[in-house]
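Subject: Structure handover

Hello,

Here is the structure I promised to pass on. Please open it and keep it beside this email as you read.

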Amino acid sequence: FVLSGVFGALLWEKRGAQGMLVNHFNRLVLPFSAFVILLNPAITFCGAFRRLVEQGAESPWTEALKDIAETSMIPQSTFHLWFLYDLIYIALFSGAVVWLMKRIGLSLPWLVRLVRKTVESPWRCLAVFGSLHTGWYLTFGWESLPTDTGWSPNPLLLAYYLSFYGVGWMCFN
């Protein structure tokens, strides 16, 4: 998400708001839409095949293919593509915030300087961002990388990943 923020800012500077949106549509929305639809039958097949093999079915391949035919082709989750799904929302939100800031003439050079000073020092970077990351984990009791494969955006996780995206954006600046 940090790298996405860096490249989001680069796109904004080089191509403007519309260019960034077009790029993100082509690189995020289209691949996400295509692959979330393709993953649904693939995951259904793999799960059914594994279950049938474990049960000792005579023809697990054929029976797993039948499971696909009986399954709704509308994906019930974002599967392993949750990061693209979240990044779509984060990029749109960030673009809107930056556009609004430019429109009203708001800039935060002190914040950009603070982030720059932090990332230029390996120890300071580790201490500051490691503490922020640890703070999220301790506050919310996370035991691993937080993900949500549901179709309803999770505001807490979006805020978590947005913080990394924002750091990347400021690093570019």
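**Three single residues**

Thr-44 lies in helix H1. The model is predicted, so please read everything below as computed from that prediction. Is Thr-44 buried or exposed? Its relative accessibility is 18%, and buried means under 20%, so Thr-44 counts as buried. Leaving out residues up to four places away in sequence, Thr-44 touches Asp-67, Ile-68 and Thr-71.

Next, look at Phe-79. This residue sits in the loop between helix H2 (60-70) and H3. Most residues other than glycine have a negative phi. Phe-79 is not a glycine, yet its phi is positive, at about 55°. Phe-79 has 14% relative accessibility, so it counts as buried too.

Then there is Val-97, in helix H3. Its relative accessibility is 33%, so Val-97 counts as partly exposed. Now find Ser-144. Along the chain, Val-97 and Ser-144 are 47 residues apart. Their C-alpha atoms are separated by 29 Å.

**How the helices pack**

Two packed helices are described by the angle between their axes and the distance between the axes. Three pairs are set out here.

Start with H1 and H6. Their axes are 6 Å apart, and the packing angle is about 75°. That angle falls in the range 65 to 115 degrees, so H1 is roughly perpendicular to H6. Which residues of H6 meet H1? They are Phe-164, Tyr-165, Gly-168, Trp-169, Cys-171 and Phe-172. On the H1 side, the residues include Val-2, Leu-10, Trp-12, Glu-13, Met-20 and His-24. By class, this contact of H1 with H6 has eleven nonpolar, five polar and one charged residues.

Move on to H4 and H5 (residues 122-140). The axes of H4 and H5 come within 6 Å and cross at roughly 120°. H4 and H5 are therefore oblique to each other. H4 brings Lys-117, Thr-118 and Val-119 to the contact. These meet Arg-124, Cys-125, Val-128 and Phe-129 in H5. The contact of H4 with H5 divides into four nonpolar, one polar and two charged residues.

The third pair is H5 and H6. Here the axes lie 12 Å apart, at an angle of about 180°. Angles over 145 degrees count as roughly antiparallel, so H5 and H6 are roughly antiparallel to each other. H5 supplies Phe-129, His-133, Trp-136, Tyr-137 and Phe-140. They meet Leu-156, Ala-159, Tyr-160, Ser-163, Phe-164 and Val-167 in H6. By class, the contact of H5 with H6 has nine nonpolar, two polar and no charged residues.

Phe-129 is worth picking out on screen. This residue of H5 is in the contact with H4 and in the contact with H6. Phe-164 of H6 is another one to find. It meets H1, and it also takes part in the contact with H5.

**Pockets and a cavity**

How much space lies in the largest pocket? The volume is about 610 Å³. Its lining has 23 residues. Nearest the centre are Val-98, Met-101, Trp-169, Met-170 and Asn-173. Helices H1 (2-54), H3 (82-104), H4 (109-119) and H6 (155-172) each supply at least two residues of this lining. Which helix gives the largest share? That is H6, with eight residues. By class, the lining has 16 nonpolar, five polar and two charged residues. Trp-169 links two parts of this email: it is one of the residues nearest the pocket centre, and it is also in the contact of H6 with H1.

The second largest pocket has a volume of about 160 Å³. Among its lining residues are Leu-3, Phe-7, Asn-23, Arg-27, Leu-87 and Tyr-165. H1 gives the largest share of this lining, nine residues. The lining divides into six nonpolar, four polar and one charged residues.

Last comes the cavity. There is one cavity of 30 Å³ or more, and its volume is about 30 Å³. It is lined by Tyr-85, Asp-86, Asp-148, Gly-150, Ser-152, Pro-153, Asn-154, Leu-157 and Leu-158. H3 and H6 are the elements that give two or more residues to this lining. By class, the lining has four nonpolar, three polar and two charged residues.

Best wishes

Terms used: Residues numbered from 1 in each chain as written. Predicted model: local features only at pLDDT ≥ 70, side-chain atom pairs only at ≥ 80, totals over all residues. Heavy atoms only, no water. 1 Å grid on protein atoms, 1.4 Å probe; cavity = no way out; pocket = protein on both sides within 12 Å on 5 of 7 lines; lining within 4 Å. Points joined across faces, edges and corners; volume = space filled by probe spheres on them. Helix = DSSP H or I, 4+ residues; strand = E, 2+ residues; numbered from the N terminus. Nonpolar A, V, L, I, M, F, W, Y, C, P; charged D, E, K, R; others polar. Axes fitted to C-alpha atoms, helices over the stretch in contact; angles between N-to-C directions. Parallel < 35°, antiparallel > 145°, perpendicular 65-115°, else oblique. Contact = heavy atoms within 4.5 Å. Buried < 20%, exposed > 50% of the residue type's maximum accessible area, 1.4 Å probe, protein only.
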